[in-house]
Amino acid sequence: MKIIPISLPTPFYIGPVNVYLIKEEPVTLIDTGPKTKAAIDILRAALREAGLAVSDLRRIVLTHAHEDHCGLARSLRDEAKDAEVFVHDWETGHRVGRLEYAEHRQLLIRAGVPADELAMIRQLYEGVRQYADALEDDHCTALVDEAQLQFESGSLRVVHTPGHTPGSCSFIREADRTIIAGDCVLKRVTPNPVLSPDPIDSSRRFKSLAEYLVSLARLRSFAPTLVLGGHGDAVRDYEELFNRYLRAIRERQAAVIGLIPKEGATPWQVSRAMFPEADDVHRFLAVSEAAAHLDYAHSEGKLALEMSDGREIYRHLGGTD
């Protein structure tokens, strides 16, 4: 099985995104890049170099539905004459009818985000949406955990790895323990546990950090020899990276707990204390990270949680005494 990495530019702070071409029948592209002229031009050139064209694509497989990973999915599907698009059912993102901004807005209000910041986040949300076309549900085939994507000379096993998003998936070629991991595993940064509605109950927040730790451990159980991530270089020593991630998460957890004053704090207040210089989209990512760590600390019995005027207040155990 020939896996060809293709680096595509994005308009986002994370920089280029890695997509992966499987050059054997059925010809498959894992992730697509954002909907920009620069990305599609470079993707077409990479396909030509491989002796292919967009019309040769038979499957488009999405690790998750963020703009830098799914932006071109609909246009590629149409140009390839209805190539099959695979995405996990727990993904919302650019699935038409799956996620309205109102659901995110309610979660942000509960996290203590003030009205003026909500307006700014809404503007960012609308601005980012231009980089992806929405997919109708009938455009998509569900990725199912443990299912096999069959190719001429082998298969990729689907591994549901929630955390970065609820429906994030990785794909393992068991013959040599190569994993295509999307944004579950990145060599130089710890992926953000993005604030998302729970896929079972959208009025609740998805417990992203707890799920992410399980996903990291599950990938470790495969003893991967090579992990191909959504951004940056490949990972050839997953064990070292796994332990580095755990240390970073433990350190951040301790820092988050230490930032909570006696009177308690909302996730938004904690995020501003953690990242006082954050601006634009980084404020949303900061409150995502704060909420994820607070959820995890509460689930571990390290913090108390109460609601006040519709907002979450996290306190040290024992309250304000």
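**Chat: a cavity and a sheet**

Reader: Which kinds of residues make up the lining of the largest cavity?

Author: The lining divides into 3 nonpolar, 6 polar and 1 charged. Keep in mind that this is a predicted model.

Reader: OK, and which residues are those?

Author: The largest cavity is lined by T63, H64, T161, H164, S168, C169, A181, G182, D183 and C184.

Reader: How much space lies in there?

Author: About 40 Å³.

Reader: And how many cavities of 30 Å³ or more does the structure hold?

Author: Just 1.

Reader: Switching topic: what's the strand order in the sheet?

Author: The sheet is open, with 6 strands running in the order β1-β2-β3-β4-β5-β6, and the pairing is mixed. At the edges sit β1 (3-8) and β6 (140-143), each of which pairs on one side only. From one strand to the next, the twist averages 25°.

Reader: Does anything pack on it? I mean, which strands does helix α1 touch?

Author: Helix α1, residues 37-49, packs on the sheet and touches β1, β2 (17-22) and β3 (28-30). The direction of α1 makes about 155° with that of β1.

Reader: Now β4 and β5: parallel or antiparallel?

Author: Parallel. Strand β4 (residues 59-61) pairs with strand β5 (residues 84-88) in that sense, over 3 bridges.

Reader: Which residue in β5 stands opposite I60?

Author: That's V85.

Reader: And what do strands of a sheet pair through, in general?

Author: Backbone hydrogen bonds, in either a parallel or an antiparallel arrangement.

Methods
Residues are numbered from 1 along each chain as its sequence is written. This is a predicted model: local features need pLDDT of at least 70, side-chain atom pairs count only at pLDDT 80 or more; totals for chains, interfaces and linings use all residues. Side-chain values use heavy atoms; hydrogens and water are left out. Two strands pair if DSSP finds at least two bridges between them. Helices (H or I, at least four residues) and strands (E, at least two) are DSSP runs, numbered from the N terminus. Axes are lines fitted to C-alpha atoms, for helices over the stretch in contact, and angles run from 0 to 180 degrees between N-to-C directions. Contact means heavy atoms within 4.5 Å. On a 1 Å grid over the protein atoms alone, a cavity is a set of points where a 1.4 Å probe fits but cannot get out, and a pocket is an open set with protein on both sides within 12 Å along at least five of seven lines; lining residues have an atom within 4 Å of a point. Grid points are joined across faces, edges and corners, and a volume is the space filled by probe spheres set on the points. Ala, Val, Leu, Ile, Met, Phe, Trp, Tyr, Cys and Pro count as nonpolar, Asp, Glu, Lys and Arg as charged, and the others, Gly among them, as polar.
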